[in-house]
Amino acid sequence: MVRATPVALRIAGRQSADSNGTGVDVSAYEGFGLVLLDASFVSGTTTTLDVILEESDTSGGTYTAVPDVTFTQLGAAGSTYQAKAIELQQRKKFIRARIDVGGTSPVYDLCVELIGQKKYA
C-alpha cells in the first residue's frame, strides 16, 4: 500500500461501556483496505469484548454489520491483534466500529483503525 492512509474507526483508549464509532466516508478510497483491531483486557469479571464493523449509506443513518468481517471475541484475559481485509468499493459510503462490552465492570484498552488507499485526485 504505497499510498496507505490510516483513519481511526475507534480512537485508542479505555473502553468500559458500549459505544459506536464515528462513521468514516470510504467513498474516496479504492481497492482493499485493512481494518486493524488491537485490544487488551484490563479488569472486570466474566467480561467480553465484541467489535463489529458496520456500514451505512449516510453518516447519521442506520448502520448494519458488514458481511464476512468478523472479529474474534476477547474475554476476561489476554489481548488480541486482528487484521481483516475489506473491499472498500463494495461497501456502503460510511463504515464505523461498534463496540459491545459485557460482564461485571468490564474495562478494555483498544483501538480500531482502517488503512486504505485513497483514489488519485
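# Exercises on a seven-strand chain

S105 has its place in strand β7. The model is predicted, and the exercises below work through the chain as a whole and then through single residues.

## Exercise 1: S105 and T46

Task: State which sign phi of S105 has, and whether S105 is buried or exposed.

Solution. Step one is the backbone angle: phi of S105 is near 50°, a positive value in a residue other than glycine. Step two is the surface: the relative accessible area of S105 is 56%. Exposed means over 50%, so S105 is exposed.

Task: Do the same for T46, and name its strand.

Solution. T46 belongs to strand β4. Phi of T46 is near 50°, a positive value, and T46 is a residue other than glycine. With a relative accessible area of 66%, T46 is exposed.

## Exercise 2: The chain as a whole

Task: Describe the secondary structure of the chain, then decide how compact the chain is for its length.

Solution. Begin with the elements: the chain has zero helices and seven strands. Read from the N terminus on, the order is β-β-β-β-β-β-β. The radius of gyration of the chain is 15 Å, close to the 14 Å that the globule rule gives for 121 residues, so the chain is as compact as a globular protein of that length. Along the principal axes, the C-alpha atoms fill a box of roughly 50 × 30 × 25 Å.

Task: Find what share of the residues is buried, and what share of the contacts joins residues at least 24 apart in sequence.

Solution. Of the 121 residues in the chain, 37% are buried. For the contacts, take those between residues at least 6 apart in sequence; 86% of these join residues at least 24 apart.

Task: Describe the exposed area and the charges of the chain.

Solution. The chain exposes about 6300 Å², and carbon and sulfur atoms supply 50% of that area. There are 11 positive and 13 negative charges, and their mean positions are 4 Å apart.

## Exercise 3: V35 and Q82

Task: Locate V35, decide whether it is buried or exposed, and list what it contacts.

Solution. V35 lies in strand β4, which covers residues 29-56. Its relative accessibility is 0%, so V35 counts as buried. Setting aside neighbours within four places in sequence, V35 is in contact with L9, L53, F71, Q82, A83, K84, I86, V112, E113 and L114. For a distance along the chain, compare V35 with A8: they are 27 residues apart, and their C-alpha atoms are separated by 9.6 Å.

Task: Q82 is among the contacts of V35. Work out which polar contact the side chain of Q82 takes part in.

Solution. Q82 lies in strand β6, residues 79-87. At 9% relative accessibility, Q82 counts as buried. A polar atom of its side chain lies 2.9 Å from the backbone nitrogen of T72. T72 also appears among the contacts of Q82 outside four places in sequence, together with V35, L36, L37 and F71.

## Exercise 4: Q15

Task: Find which backbone atom the side chain of Q15 reaches, and whether Q15 is buried or exposed.

Solution. Q15 is in strand β1, residues 4-15. Buried means under 20% relative accessible area; at 5%, Q15 therefore counts as buried. The side chain of Q15 reaches the backbone oxygen of A17 at 2.5 Å. Beyond four places in sequence, the contacts of Q15 are R10, I99, V101, P106, V107, Y108 and L110.

## Exercise 5: C111 and V24

Task: Classify C111 by its relative accessibility and list the residues it touches.

Solution. C111 lies in strand β7, residues 94-118. At 25% relative accessibility, C111 counts as partly exposed. Not counting residues up to four places away in sequence, C111 touches R10, I11, A12, L36, L37 and D38. C111 and P6 are 105 residues apart along the chain, and their C-alpha atoms are separated by 12 Å.

Task: Repeat this for V24.

Solution. V24 is found in strand β3, residues 24-25. Its relative accessibility is 12%, so V24 counts as buried. Leaving out residues up to four places away in sequence, V24 touches V7, A8, L9, K93, F94 and I95. V24 and L53 are 29 residues apart along the chain, with 11 Å between their C-alpha atoms.

How values were computed: Residues numbered from 1 in each chain as written. Predicted model: local features only at pLDDT ≥ 70, side-chain atom pairs only at ≥ 80, totals over all residues. Heavy atoms only, no water. Helix = DSSP H or I, 4+ residues; strand = E, 2+ residues; numbered from the N terminus. Buried < 20%, exposed > 50% of the residue type's maximum accessible area, 1.4 Å probe, protein only. Polar contact = N/O pair within 3.5 Å; in protein donor to acceptor, adjacent residues only side chain to side chain. Contact = heavy atoms within 4.5 Å. Rg over C-alpha atoms; globule rule 2.2 N^0.38 Å. Areas by Shrake-Rupley, 256 points an atom, 1.4 Å probe, with all protein chains shown as cover. Lys, Arg positive; Asp, Glu negative; His and termini not counted. Charge placed at Lys NZ, Arg CZ, Asp CG, Glu CD.
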